[in-house]
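Subject: Structure handover

Hi there,

Here is the structure I promised to pass on to you. Have a look at it first, and then read on for what turned up.

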Amino acid sequence: TSTTMAGATGGTMTMREVSEIMIPADSTVKLEPGGYHIMLIELVAPLESGETIEVTLTFENAGERTITVPVQDDAP
């Protein structure tokens, strides 16, 4: 997996890989298209929009947390 941050540069949407997302205490960060999001790379089987998958997130102080997330097609 890869965590990326999307942003506009000169009217063009770009993405860049980030190694971490800083989340200050008592704060939240929303993962969503057009902002921070997780890209799944080198999958062994295709995913279908509408199904759910488990993703394990690793936090510096809280350790690993596995969450269930919906698969979304980012195509317009």
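One definition before the findings: a nonpolar patch is built from residues with over 30% relative accessible area and no salt bridge, with nonpolar side chains joined within 5 Å. Please also keep in mind that this is a predicted model.

With that in hand, here is the patch. Ile23, Val29, Leu31, Ile38, Leu40, Leu43, Leu47 and Phe59 together make a nonpolar surface patch of about 570 Å². Take Ile23 as an example from that group: Ile23 sits in the loop between strand E2 (12–18) and strand E3 (36–39). Ile23 counts as partly exposed because its relative accessibility is 39%.

Now the overall layout. The protein has five strands and zero helices, so you will read its elements from the N terminus as β-β-β-β-β. Of its 76 residues, 12% are buried. The exposed area comes to about 6,400 Å², with carbon and sulfur atoms supplying 50% of that. As for contacts with a separation of 6 or more, 26% of them are between residues 24 or more positions apart.

The pairing to look at is at E4 and E5. Strand E4 covers residues 52–59 and strand E5 covers residues 63–70, and the two pair in the antiparallel sense over eight bridges. They form a hairpin, with three residues between them. If you want a place to start tracing the pair, Thr52 stands opposite Pro70 in E5.

Next, a histidine. Is His37 buried or exposed? His37 counts as buried, because its relative accessibility is 14% and the cut-off for buried is under 20%. This residue lies in strand E3. The His37 side chain reaches the backbone oxygen of Gly35 at 2.8 Å. Met15 is another residue to view alongside His37: the two are 22 residues apart in sequence, and their C-alpha atoms are 9.9 Å apart in space.

Finally, since you may want to check backbone torsions, which residues other than glycine have a positive phi? Two to look up are Asp26, with phi near 60°, and Glu42, with a positive phi of about 60°. Asp26 has its place in the loop between E2 and E3, while Glu42 is found in the loop between E3 and E4. Asp26 is exposed, as its relative accessible area is 87%. Glu42 is exposed too, with a relative accessible area of 76%; both values fit the exposed class, which begins over 50%.

That is the tour. Happy browsing, and do write back with any questions.

Best wishes

Notes:
Residues are numbered from 1 along each chain as its sequence is written. This is a predicted model: local features need pLDDT of at least 70, side-chain atom pairs count only at pLDDT 80 or more; totals for chains, interfaces and linings use all residues. Side-chain values use heavy atoms; hydrogens and water are left out. Patches are made of residues with over 30% relative accessible area and no salt bridge: like charges are joined within 9 Å, nonpolar side chains (Val, Leu, Ile, Met, Phe, Trp, Tyr) within 5 Å. Accessible areas come from the Shrake-Rupley method with a 1.4 Å probe; for residues, only the protein chains shown count as cover. A salt bridge is a side-chain nitrogen of Lys or Arg within 4 Å of a carboxyl oxygen of Asp or Glu. Helices (H or I, at least four residues) and strands (E, at least two) are DSSP runs, numbered from the N terminus. Buried means under 20% relative accessible area, exposed over 50%, partly exposed in between (1.4 Å probe, protein chains only). A polar contact is a pair of N or O atoms within 3.5 Å; within protein, one must be able to donate a hydrogen and the other to accept it, and residues adjacent in sequence count only if both atoms are side-chain atoms. Contact means heavy atoms within 4.5 Å. Two strands pair if DSSP finds at least two bridges between them.
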